[in-house]
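Got the model open in your viewer? Let's walk through it stop by stop, with a selection to make at each one.

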Amino acid sequence: MTDLSIELLVDKRCIVGEGPIWHNTAKVLLWVDIEGKQVFVYEPKTKQNKTLDLDQMVGTIVPRKNKPTSAVVALHKGLAFLDLETGKVEPICSPETDISLRFNDGKCDPAGRLWAGTMAINEDLEPQGSLYCLFPDLTIKKRENKIGVSNGICWSHDKKKMYFIDSVTKKVDVYDYNNETGEITNRKTFTEISDGYPDGSTLDEHGNLWVAIWGGSNVSCFDHKDGKLIRKVYIPGVTQVSACAFGGDNLDELYVTTASRGKPNEPQAGSCLLYTSPSPRDRQKSR
């Protein structure tokens, strides 16, 4: 069944809308258009969606602690600081020397390290990308290689697990995680996806994992205990659902990004949408 509480939040034809993340200090939503080379700052109170044009593809964005007008972005050629007011970019590092690769999805762990993965620009299914970890002192370490399309990085509430998605495998994996050192071990399958490709993900207050399903027109929620499907939120009229994030004043609003690439007959493809459950008892939220 299609949820009736899907709202068109930002009507935009992003080529690949991605990376939504709630900036809890500034009370805004940050998101990107990867191939459009744009960063967006959406302010719910005014319903204004500010656009910052960049000169590179941008895979993800994360806000910086105690710096409300600054963020870190994962670009085609490396990681950088971004001034959210002026759009000024300050490079941090460029760990990949192969320009046929670009950064894709990424998130910060509970200790403040930024994890981000690379992938082939031409989306070759051969696993050519790597998974990197940027430490607070700005040193960077490669944690995995032979990655196809890096996505869906997030951490369990007890900081003992890291979820990771290589979308081409159609699996959601989970590592044992050492939050003190940033070490990942014992990778195993958490759940498998049959109705599309798993893309961006987020956790709710119960620790359950919400995953955007590219090609499946939905966001699926999985039980953190056993990986079993709890529910699906269908996104009507949009096939390529790319990522999701909880936000809002009570962290109970689910923001969903989508992509328009190759979908000229889907008018809302590329837009940012908002899902809120019609029943207060049924609402999820981020912790």
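Start with the open sheet of four strands in this predicted model: the strands run in the order β14-β15-β16-β17, and their pairing is antiparallel. Select 150-155 for β14 and 183-192 for β17, the two edge strands. Each has a single partner strand, so one side of each is left without a neighbour in the sheet. Tilt the view and look at the twist, which averages 25° from one strand to the next.

Stay here and add residues 171-178, which make up β16. How many bridges link β16 to β17? Seven, in the antiparallel sense. To pick out a pair of facing residues, show Asp173 and find Thr189 of β17 standing opposite.

Next stop: the largest nonpolar core, with 33 residues. Select Val39, Ile61, Val73, Leu79, Leu82 and Leu84, the residues with the most contacts inside this core. Now colour the strands that give two or more residues to the core; among them are β3 (28-33), β4 (38-43), β6 (58-64) and β7 (67-75). Which element gives the most? That's β7, with five residues.

Zoom in on Leu84. Skipping its neighbours within four places in sequence, you'll find Leu84 in contact with residues including Leu30, Val41, Leu52, Ile61 and Ala71. Some other partners to click on are His23, Lys50 and Ser70.

Last stop: another core of 14 residues lies apart from the largest one. Select Ala212, Cys244, Leu254 and Tyr275, which are among its members.

How values were computed: Residues are numbered from 1 along each chain as its sequence is written. This is a predicted model: local features need pLDDT of at least 70, side-chain atom pairs count only at pLDDT 80 or more; totals for chains, interfaces and linings use all residues. Side-chain values use heavy atoms; hydrogens and water are left out. Two strands pair if DSSP finds at least two bridges between them. Axes are lines fitted to C-alpha atoms, for helices over the stretch in contact, and angles run from 0 to 180 degrees between N-to-C directions. A nonpolar core is a set of buried Ala, Val, Leu, Ile, Met, Phe, Trp, Tyr and Cys residues joined through side-chain atoms within 4.5 Å. Buried means under 20% relative accessible area, exposed over 50%, partly exposed in between (1.4 Å probe, protein chains only). Contact means heavy atoms within 4.5 Å.
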